[in-house]
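Here's a quick briefing to read with the model open beside you. We'll begin with empty space, then move on to how some helices pack.

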Amino acid sequence: MNNDTKNKLIRDYAYNLVNQMKQQYGNIIKDNQIDEIISIYNNSDKEIKEIQKEIYDLLEDFIRKYLEEIQKNNDEITKIQIENQDQLMQIDQQIENIPDVSQSTNIKKIAKVIQMLNPNADIRIGNPAMMSDANNKIFSSIPIENIKLPKGFEYNDKNGITNKYKTGSGVYTSLEVASLNGVNQSMLMPKSEQLKSSNENIVNKETVQNTNQQVTKNIKSEHKNISKVPSITSQRKKQKNSKKINPMKMTNIESKMYPLLNEKRKTKLKQKTQTKTTVMTYKKPKNPMTNQTTSSKGFINLIFASLILLTIVFILFILNK
Amino acid sequence: MNIIELINNIESSNLEEEIKNKRILILNTKLKKDEIENNLKSEINKFIIEFNSSGLEYELEPNLKYMLILIKGDIIESNFCKELKSKNIEFTIDELDKYIYQAELNNGDNLDDVKLNIRLYKILDKINDEYEDLLSILINTINIVLDKDYEKDSIDDFINIEISNLLENNILDEVTYNYLIEFLNYIKSNHSLIIKFN
């Protein structure tokens, strides 16, 4: 067998083998790499079968290393994916635990979320029983510039922390931010009170999975968490809300009462006018003889009598002397 | 000892959490009641000054609720509102302000009398709202403490016995018991008929 035939056979063998490999593993070997291998055996003295075996071993080794590399990369990718997944799960969990207050006007809920977003800060709200503007103000231990705000909220000098223009209903909240430094603790809601609602949520989640006995236990413990802050009834809240929206109309009772009250007012007004007139025209009766009022006459008489008495006393005094 | 000191004492006591919370709620309600009552007094004074300087010739109706109906009726029965009604236009008190502004601007109407009544109505309505809030707060506190669901009109004499039981069982002390009775009497006295312009 001449060298050319031998080289051709080796080349055909190598390419056949590589084509088979490509079918199984894809285009893992480039043509120049195959040519390089073939060139090693060009005009070789070795037997063709020996050369074929070496090429086979070489390619097999190449494939093994390739597969090992692939496996290694896959492991690395899997590891990264797992790590990322842990991180993603943590983020998801955080997002899940932080309630969405973007549409809320409830200062307690908003303050609670701000506290969750700013664990290094102390966020407090005022006690409505002690502070008339407690529902519009939050207190922070750090400056507003450093406070991370909940989704849907922004800060500006005019409205403070606000979700103005960002709520579906148009009803928004504006919270003034005040420094916590120097504020009397009795003016603030206790910290436990502020966070109580979040603890209750956790309790509520647990109760879903728990047994009836535990549910009863949780209900009892929740019952003990009576609010210390006075508030209006839910019925009154509804009444106030409907009043803002409902058009101005007289109720049945009002419709019946208005004419009566109006009549009463007219009668009183009439009486008042009459009384006024009488008072204005009233004059004390005059003495027809002197043409003076009796009272003024009496007064003059009194002065005269006093003068006469004084004169008598004076004369007696001089006579004694 | 003032109420704040009482609250602090209860907070730091060894009482059961439920008892503590009930007593503190009553004391906080008392603070709120006093605050609202003071506000009501000053708002009523503000209304009297506003009314006396308004030039209206009639006398104040001594009962606040009646006065509110009178002014509301005057507004609704005014020619301007009747005209709106004839056009099937409904309005809240704030919307009425806007309609008046437009009418004065566009037609040159003089609606000073309606505007005066609106101003008086708003002050009175605010007073009435604040008073209704106070009643609601007192009822809510009583309901929480007694674990009941009373409404303003459904409060009966049995409630006194229930409150006395709380004192006997040491859930309430003398101070909180007296305050709760005070709240109850305030509601039962139908105070709306007592708020009068002095």
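The largest cavity has a lining drawn from A:Arg265, A:Lys268, B:Tyr58, B:Glu59, B:Leu60, B:Glu61 and B:Leu70. Keep in mind that this is a predicted model. After the cavity come three helix pairs in chain B, among them α6(B) with α8(B) and α2(B) with α6(B).

**The cavity**

- Counting cavities of 30 Å³ or more turns up one.
- The largest cavity holds about 60 Å³ of space.
- Sort its lining residues by class and you get four charged, three nonpolar and no polar ones.
- As for how such gaps are found, a probe the size of a water molecule is rolled over the atoms to show where empty space is left.

**α6(B) against α8(B)**

- Helix α6 of chain B covers residues 112–146, and helix α8 of chain B covers residues 174–188.
- Their axes come within 10 Å and cross at roughly 130°, so α6(B) and α8(B) sit oblique to each other.
- The crossing of this pair is left-handed.
- On the α6(B) side, the contact uses B:Tyr131, B:Leu134, B:Leu135, B:Leu138, B:Ile139, B:Thr141, B:Ile142 and B:Val145.
- Facing them from α8(B) are B:Leu180, B:Phe183, B:Leu184, B:Tyr186 and B:Ile187.
- What classes of residue make up the contact of α6(B) with α8(B)? There are 12 nonpolar residues and one polar residue, with no charged ones.

**α2(B) against α6(B)**

- Helix α6 of chain B also pairs with helix α2 of chain B, which spans residues 17–52.
- The axes of α2(B) and α6(B) come within 10 Å and cross at roughly 165°.
- That angle makes α2(B) roughly antiparallel to α6(B), because anything over 145 degrees counts as such.
- Here too the crossing is left-handed.
- The contact of α2(B) with α6(B) breaks down into 17 nonpolar, nine charged and three polar residues.

**α4(B) against α5(B)**

- Helix α4 (residues 79–86) and helix α5 (residues 93–107), both of chain B, pack at an angle of about 100° with their axes 12 Å apart.
- That puts α4(B) roughly perpendicular to α5(B).
- From α4(B), the residues in contact are B:Phe80, B:Cys81 and B:Leu84.
- From α5(B), they are B:Leu96, B:Tyr99, B:Ile100 and B:Ala103.
- By class, the contact of α4(B) with α5(B) has seven nonpolar residues, with no polar and no charged ones.

Terms used. Residues numbered from 1 in each chain as written. Chains lettered and ligands numbered in written order. Predicted model: local features only at pLDDT ≥ 70, side-chain atom pairs only at ≥ 80, totals over all residues. Heavy atoms only, no water. Axes fitted to C-alpha atoms, helices over the stretch in contact; angles between N-to-C directions. Helix = DSSP H or I, 4+ residues; strand = E, 2+ residues; numbered from the N terminus. Parallel < 35°, antiparallel > 145°, perpendicular 65-115°, else oblique. Left-handed = near helix turned anticlockwise from the far one by under 90°. Contact = heavy atoms within 4.5 Å. Nonpolar A, V, L, I, M, F, W, Y, C, P; charged D, E, K, R; others polar. 1 Å grid on protein atoms, 1.4 Å probe; cavity = no way out; pocket = protein on both sides within 12 Å on 5 of 7 lines; lining within 4 Å. Points joined across faces, edges and corners; volume = space filled by probe spheres on them.
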